[in-house]
Amino acid sequence: MNCLTSMRLCARHVSKRPFTGLPKMQAPAFPLRQFPRMSSTAFHFAEGEDAQQLTRDANALLQQGWAQDGEGMGVTKTFHFKSYFKAVAFVNMIAAESASKKHHPTMTVRIGSVDVHWTTHRPRGFTQKDVTMAQHCDRGADLMGAVDPSQGLKCGPTV
């Protein structure tokens, strides 16, 4: 008997057994909950930074619509525009200043909005560079014609 014949016989033998199905899963006795991601309310400043001054500056940014990132090491904000061209021009304005300051953000460009995230990687934490560049973004957004989120360009048909 060759290998192929034995596999066929084995397959016939297995296929004649009744299929009992998968075991039924029982719901756990306790309800499953998803816990919210914990974020710190205090910023983590980089080593060597003036904590009092950065606290004041960070609070001012929060008043201007910036939000603390999940790790407490930076700030994020979404800027909205009426056209994709204005969103890209805004990114280019940030890129030009970032190159001159040697401090670069993480940015996500959408059809009518740009997400900007500032944090410092070396030394790790929130620094005065982040504050300065976030303020630059706010000034640039005003010059580029940033709008309220409800007025920003959205993907899809207009109604």
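The following paragraphs lead through helix α4, the pocket beside it, the salt bridges and some backbone features of this structure. The model is predicted, and every value below is computed from it.

Helix α4 is a convenient place to begin. Its 17 residues run from 128 to 144. At a rise of 1.5 Å a residue, a helix of this length should span 24 Å, and the C-alpha atoms at its two ends are indeed 24 Å apart, so the expected and the modelled spans agree. Directly after α4 comes G145, a residue with a positive phi near 85°.

Which residues of α4 are buried? They are D130, V131, M133, A134, H136, C137, D138, G140 and A141. These buried residues pack against several other elements, namely the helices α2 (51-63) and α3 (84-101) and the strands β2 (74-80), β4 (113-121) and β5 (124-125).

Two residues of α4 illustrate these surroundings in detail. V131 belongs to helix α4 and has a relative accessibility of 0%; it therefore counts as buried, the limit being under 20%. Leaving aside residues up to four places away in sequence, V131 touches L54, D57, L61 and F126. One of these partners, L54, is 77 residues away along the chain, yet the C-alpha atoms of V131 and L54 are separated by 8.0 Å.

M144 also lies in helix α4. Its relative accessibility is 23%, so M144 counts as partly exposed. With residues up to four places away in sequence again left out, the contacts of M144 are F81, K86, A89, F90 and M93. The C-alpha atom of M144 is 8.3 Å from that of A87, although 57 residues separate the two in sequence.

Helix α4 also takes part in the largest pocket, which holds about 160 Å³ of space. The residues that line this pocket are Q64, K77, T78, F79, H80, D138, A141, D142, A146, V147 and P149. Two elements, β2 and α4, each give two or more residues to the lining. The most comes from β2, with four residues. Sorted by class, the lining consists of five nonpolar, three polar and three charged residues.

Two of the lining residues, K77 and D138, are also partners in a salt bridge, in which the closest N and O atoms are 2.9 Å apart. This pair links distant parts of the chain, since K77 is in strand β2 and D138 in helix α4, 61 residues apart. Are the two partners buried or exposed? Both K77 and D138 are buried.

The salt bridges of the model number four. Another of them joins R124 to E71, again with the closest N and O atoms 2.9 Å apart. R124 lies in strand β5, while E71 sits in the loop between β1 (67-68) and β2, so this pair ties together parts that are 53 residues apart in sequence. R124 has a relative accessibility of 38% and thus counts as partly exposed. E71, at 45%, likewise counts as partly exposed.

A salt bridge is also formed by K101 and E97, with a closest N to O distance of 3.8 Å. Here both residues lie in helix α3, four residues apart, or about one turn of the helix. K101 has a relative accessible area of 44% and is partly exposed. E97 counts as partly exposed as well, at 24% relative accessibility.

The backbone offers two further features, both in loops. What is the geometry of the peptide bond from R122 to P123? That bond is cis, with omega near -5°. P123 is located in the loop between β4 and β5. The other feature concerns K102, which has a positive phi of about 55° although this residue is not a glycine. K102 lies in the loop between α3 and β3 (106-109). With a relative accessible area of 66%, K102 is exposed, since the limit for that class is over 50%.

In summary, α4 packs through its buried residues against α2, β2, α3, β4 and β5. The helix contributes to the lining of the largest pocket together with β2, and the salt bridge between K77 and D138 links the same two elements.

Conventions
Residues numbered from 1 in each chain as written. Predicted model: local features only at pLDDT ≥ 70, side-chain atom pairs only at ≥ 80, totals over all residues. Heavy atoms only, no water. Expected span 1.5 Å × (residues − 1). Buried < 20%, exposed > 50% of the residue type's maximum accessible area, 1.4 Å probe, protein only. Contact = heavy atoms within 4.5 Å. 1 Å grid on protein atoms, 1.4 Å probe; cavity = no way out; pocket = protein on both sides within 12 Å on 5 of 7 lines; lining within 4 Å. Points joined across faces, edges and corners; volume = space filled by probe spheres on them. Nonpolar A, V, L, I, M, F, W, Y, C, P; charged D, E, K, R; others polar. Salt bridge = Lys/Arg side-chain N within 4 Å of Asp/Glu carboxyl O.
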